[in-house]
Amino acid sequence: MIDLRLVRSDPEAVRAALARRGDEALLDPVIALDQERRALQARVDELRAERNRASEAIGELKRAAKDDPAKAAEADAASAAMRELKDGLDGLEASLKDLDERLTDALLVVPNLPHPDIPLGASEEDAREVKRVGEPPAFAFEPRDHLELAGPGIDMERGARTSGSRFGYLTGDVARLWWAISRMALATLEEAGFTPVAPPVMVREEAMYQTGFFPTDRQSVYQLADDDLYLVGTSEVPLAALHAGEILAEADLPLRYAGLSSCFRREAGAAGKDTRGIFRLHQFEKVEMFAFTRPEDSWDEHERLLALEESIAQTLGLAYRVVDIAAGDLGASAARKYDIEVWLPGQGRYRELTSCSNCTDYQARRLEARYRPESGGPQPVHTLNGTAVTSSRTVIAVLEQHQREDGSVAVPQPLLNYGAPAVIGPAA
RNA sequence: GGAGAGGUGGCCGAGUGGUUGAAGGCGGCGGUCUCGAAAACCGUUAUUGGGGGUUUUCCUCAAUCGAGGGUUCGAAUCCCUCCCUCUCCGCCA
């Protein structure tokens, strides 16, 4: 969540920042409720102080009553007097709790403040192209899409029979290809100082709030019917929650994790969109990067995550471009997000392959993930996340960009060390 | 799933409903001593919110002993619900 102190000290700056993403109206209830709450807090604190003083006095009277029975009556009288104050206090405390909850609710729906340099606009098309790397392959033949190239290696019919639409099986060489891709990515990240993690993929509601997916994106998350658990759409959730409520040592930062997990997405708002193949699935696997940094280091770290994503894309021999996502198209937690869009010959255009976000202190504040700076009290760390590879889009990109006229795929050399077949398809 | 035992500060650990935000110990930090270090000794050592100020080090009030309710003038302590940990049995990868 955003910093309430900043809202108080410079509400106009916060409003202007939110206006860039079209969310400035969300600020008004926060300001109003905060003022109301502070006023009430002061009154409640006063009454509590009075109660504490009186209770202490009663305690002393009761002790004195052992020697002097007259003190007992005095204590009873004081108790009776305090009962009235208590009734009033109980009511005010209930109001304070209610106000607190309403303020928290109002605050939870306010998204992060976008970085000043990012493009304006609300849609995918408003993203700014940062650069293009590699030439989209020019085929002397009509390129096939990943489903044609994979043949029986991607089985959507049986996936649908087992689980429904947007589910598929990766089998044989395509499964080998994916596992090789994921192992290559994990090795790359481990080399770059990331700790590998096999995280839980079922989490409590609290973790969803802490990472900023709830309450805003609730409709895109699977909920288990008989247990208060949710299936994560990304291992960002359990990786972020790894240090929830902790005060980290400054010397330990940055902390970098690479998680490999299944990801589950309801794709509620995507009916009829990207229905062919494994581009948009309810379940896929992903290697995810996650970093906790000092506030002053997070923008460098953001560039570092992007560079790692690019390095992996380059290892896979992919042509891609990098875009800077528009303010209005950001997720709630992100202050800035880069996407790598990969050229897909089957679709004849660039499509999102990976993305990396700097969530600054927004997620950390919800997580209560802090660190202790050299001077001063604990303050929120910054958190960042980025996709390394996925079993859906990375697999598609490799198949489609490295296809040959006979319908086979020449698997990139670096993957062969990780168990990928050299060729997939008819020639294999 | 069944039965039982527990959750107190960075860690260990005490705590008859009334100066207990919390003894004691360990660890950390500062100091004395020392050429230096160790030892010893002295001091210090949580977080959050509100208010004030000589507005980065300060004062003050409030809250916090797994979480949330309740009883009470007053709860770490009593009651209820939930969460988690441990032990035994059952089951299982």
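## The surface near RNA strand B

Charged residues number 15 on the surface near RNA strand B, alongside six polar and four nonpolar ones. The model is predicted. In total, 25 residues surround the RNA strand. Arg8, Arg83, Lys97, Arg204 and Arg372 are the closest of these.

Which part of RNA strand B supplies most of the atoms within 4 Å of the protein, sugar and phosphate or bases? Sugar or phosphate accounts for 76% of those atoms. Bases make up the rest.

## Polar contacts with the RNA

Two side chains reach phosphate oxygens. Arginine 8 places a polar side-chain atom 2.5 Å from a phosphate oxygen of RNA strand B. For asparagine 52, a polar side-chain atom lies 3.3 Å from a phosphate oxygen of RNA strand B. Glutamine 41 faces another kind of atom: an N or O atom of its side chain is 3.3 Å from a sugar or linking oxygen of the strand.

Four elements give two or more residues to this surface. They are helix 1 (4-9), helix 3 (27-64), helix 4 (70-108) and strand 14 (370-372). Which element gives the most? Helix 3 does, with 13 residues.

## Helix 2 against helix 3

Helix 3 also packs against a helix. Helix 2 covers residues 11-19. The axes of helix 2 and helix 3 come within 11 Å and cross at roughly 155°. Angles over 145 degrees count as roughly antiparallel, so helix 2 is roughly antiparallel to helix 3. The crossing of helix 2 past helix 3 is right-handed.

Helix 2 brings Pro11, Val14, Arg15 and Leu18 to the contact. Helix 3 brings Leu27, Asp28 and Ile31. By class, five of the contact residues are nonpolar and two are charged, with no polar ones.

## Helix 7 against helix 10

A second helix pair lies further along the chain. Helix 7 spans residues 172-191, and helix 10 spans residues 298-315. Their axes are 11 Å apart, and the packing angle is about 140°. Why are the two helices described as oblique? Angles over 145 degrees count as roughly antiparallel, and 65 to 115 as roughly perpendicular. About 140° falls in neither range, and helix 7 and helix 10 are therefore oblique to each other. Helix 7 passes helix 10 in a right-handed crossing.

On the helix 7 side, the contact is made by Met184, Ala185, Thr188 and Leu189. Leu308, Ser311, Ile312 and Thr315 meet them from helix 10. Five of the contact residues are nonpolar and three are polar. None is charged.

## Backbone exceptions

Most residues other than glycine have a negative phi, and most peptide bonds are trans. Some places in this model depart from that. The peptide bond from phenylalanine 214 to proline 215 is cis, with omega near 0°. Proline 215 sits in the loop between helix 8 (205-210) and strand 6 (222-223).

Leucine 253 and proline 254 are likewise joined by a cis peptide bond, with omega near 0°. The loop holding proline 254 runs between strand 8 (247-249) and strand 9 (255-264). Where is glutamate 267? The loop between strand 9 and strand 10 (283-293) contains glutamate 267. Glutamate 267 is not a glycine, yet its phi is positive, at about 50°.

How values were computed. Residues numbered from 1 in each chain as written. Chains lettered and ligands numbered in written order. Predicted model: local features only at pLDDT ≥ 70, side-chain atom pairs only at ≥ 80, totals over all residues. Heavy atoms only, no water. Near = heavy atom within 4 Å. Polar contact = N/O pair within 3.5 Å; in protein donor to acceptor, adjacent residues only side chain to side chain. Nonpolar A, V, L, I, M, F, W, Y, C, P; charged D, E, K, R; others polar. Axes fitted to C-alpha atoms, helices over the stretch in contact; angles between N-to-C directions. Parallel < 35°, antiparallel > 145°, perpendicular 65-115°, else oblique. Left-handed = near helix turned anticlockwise from the far one by under 90°. Contact = heavy atoms within 4.5 Å.
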